[in-house]
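Please examine the sequence and the model shown below. The paragraphs that follow lead through selected places in the chain, one after another.

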Amino acid sequence: MSLPAGSSIGIIGGGQLGRMLAMAAARLGYRIVVLEPQPDCPAAQVANRQIVAAYDDAAALSELAAASAVVTYEFENVPVAAAAALASTVPVYPPARALEVAQDRLAEKKFLNGIGIPTADFSPVDNDEELTAALKQFNGSGILKTRRMGYDGKGQRVFRNMETGGFAGTCEAMGTVPLILESFVTFEREISVIAARGIDGSLAAYDPAWNVHRNGILHSSTLPAGVKSETAAAAQAAAAEILAALDYVGVIGVEFFVLADGSPLANEIAPRVHNSGHWTEAACTISQFEQHIRAVAGLPLGSPARQFDCVMENLIGDDVRRVPDLLAEPDLMLHLYGKAEARPGRKMGHFTRVSRRS
Ligand code: AMP
């Protein structure tokens, strides 16, 4: 059953993704309640109400459940226990299982391989001895990552053609937390697919974007992605399989490495709207944000068709100084997140330049 206009949707997390979800929800006639400890957060500035509390605060979660007809979230580190507890009183989409898989790089890779989706080779690492053995297996090169709470390249260490010994103290330097070593993938480019699944199991996948990272943070997403049509189809098919396997409702972001032969290797999944899907608000009739709200509200999914070619760029830290010049461009959509202070590495906004489809 679909959610009637005027109903309230709860969002756990109050950053820019929550802000853009709230704006899309408002256009469909819904009200938004945000749970976020930071007062006057980007999402709360455009929402109807903010509950100022920690994401795992039991009383605040009950308040959110009572105030919402459905609850969703805008970041993948929502405590699984909190999502599962909430789900006993109010529908929570995407399902807690998606959080479980996305929060642990080892569980994520096992899940992907288990449904036939290829990834980089990997080995769990809990101490320096296991690191030495795993690096030997990968010929002395690989990327060591924390299994949990890593994002934007944080909590990672690269080994390239190094001798396979002398790693004493490495795991301690990584925080003595569970780690995973991935084989080093020589990729031609990185792409991502934003896809959605409705409550009725319907699917919609956007065109893949070509993503360029700088200092571990997404710099730009370009459409078309410049990959073979077989590559795009394989990536979209993988995203659809992931959605079905998780009995998913909502939008997901799936990142891939494209190898020289054009085959995509899945890198990670984000059970939420995704930075590499921001271009959809300028180049598609139905943005990823509206698509997510439609999915969790039980409305029909909209078309993911792309109307324009485009390039989305993030405005990080002092990049916001470019705003006056950017606004002078005729075919550019600007989106600022309402953050007062432009700290280095902080995502302040983004813009998308559109042009006629090639
Ligand atoms: P992640 O946090 O897994 O998204 O990794 C951040 C970035 O590091 C990716 O976007 C890639 O550019 C690079 N990277 C991650 N894993 C690998 C890998 N196994 N091989 C080569 N590059 C990688």
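Proline 224 is found in the loop that runs between strand 12 (217-223) and helix 8 (229-245). In this predicted model, the peptide bond that joins leucine 223 to proline 224 is cis, and its omega is near 0°. A second cis bond leads from tyrosine 93 to proline 94, with omega near -5°. Proline 94 also belongs to a loop, the one between helix 3 (80-86) and helix 4 (96-103). These bonds deserve notice because most peptide bonds are trans.

The backbone at aspartate 40 may be considered next. Phi of aspartate 40 is near 55°, which is a positive value in a residue other than glycine. Most residues other than glycine have a negative phi. Aspartate 40 is placed in the loop between strand 2 (31-35) and strand 3 (49-51).

From these local features the description passes to the division of the chain. The domain assignment gives domain 1 (8-92), domain 2 (121-182) and domain 3 (189-356). The C-alpha centres of domain 2 and domain 3 are 29 Å apart.

Where does the ligand lie with respect to domain 2 and domain 3? Both domain 2 and domain 3 give residues to the shell around the ligand, so the ligand lies between them. This shell consists of 15 residues, and the closest are Lys145, Gln156, Ser183, Val185 and Glu190. By class, the shell has five nonpolar, five polar and five charged residues. Among the contributing elements are strand 6 (142-146) and strand 14 (264-270), each of which supplies at least two residues of the shell.

Several side chains place polar atoms close to oxygen atoms of the ligand. For lysine 145, an N or O atom of the side chain is 2.7 Å from an oxygen atom of the ligand. For arginine 105, the corresponding distance from a side-chain N or O atom to a ligand oxygen is 3.0 Å. In asparagine 267, a polar side-chain atom lies 3.2 Å from an oxygen atom of the ligand. On its own, the ligand has 470 Å² of accessible area, and the protein covers 89% of this area.

A further site is the second largest pocket, which holds about 200 Å³ of space. The pocket is lined by 14 residues, of which Arg27, Glu281, Ser287, Phe289 and His335 are the closest to its centre. Two or more lining residues come from each of helix 1 (16-27), helix 9 (280-283), helix 10 (288-296) and strand 16 (332-336). Which element gives the largest share of the lining of this pocket? Helix 1 does, with four residues.

The lining of the second largest pocket can also be described by class and by domain. Its residues divide into seven nonpolar, four polar and three charged. Domain 1 and domain 3 each provide at least three residues of this lining. Domain 3 thus appears at both sites: together with domain 2 in the shell around the ligand, and together with domain 1 in the lining of the second largest pocket.

Notes: Residues are numbered from 1 along each chain as its sequence is written. This is a predicted model: local features need pLDDT of at least 70, side-chain atom pairs count only at pLDDT 80 or more; totals for chains, interfaces and linings use all residues. Side-chain values use heavy atoms; hydrogens and water are left out. A residue is near a molecule or strand if one of its heavy atoms lies within 4 Å of it. A polar contact is a pair of N or O atoms within 3.5 Å; within protein, one must be able to donate a hydrogen and the other to accept it, and residues adjacent in sequence count only if both atoms are side-chain atoms. Accessible areas come from the Shrake-Rupley method with a 1.4 Å probe; for residues, only the protein chains shown count as cover. Ala, Val, Leu, Ile, Met, Phe, Trp, Tyr, Cys and Pro count as nonpolar, Asp, Glu, Lys and Arg as charged, and the others, Gly among them, as polar. Domain bounds come from an automatic or database domain assignment. On a 1 Å grid over the protein atoms alone, a cavity is a set of points where a 1.4 Å probe fits but cannot get out, and a pocket is an open set with protein on both sides within 12 Å along at least five of seven lines; lining residues have an atom within 4 Å of a point. Grid points are joined across faces, edges and corners, and a volume is the space filled by probe spheres set on the points.
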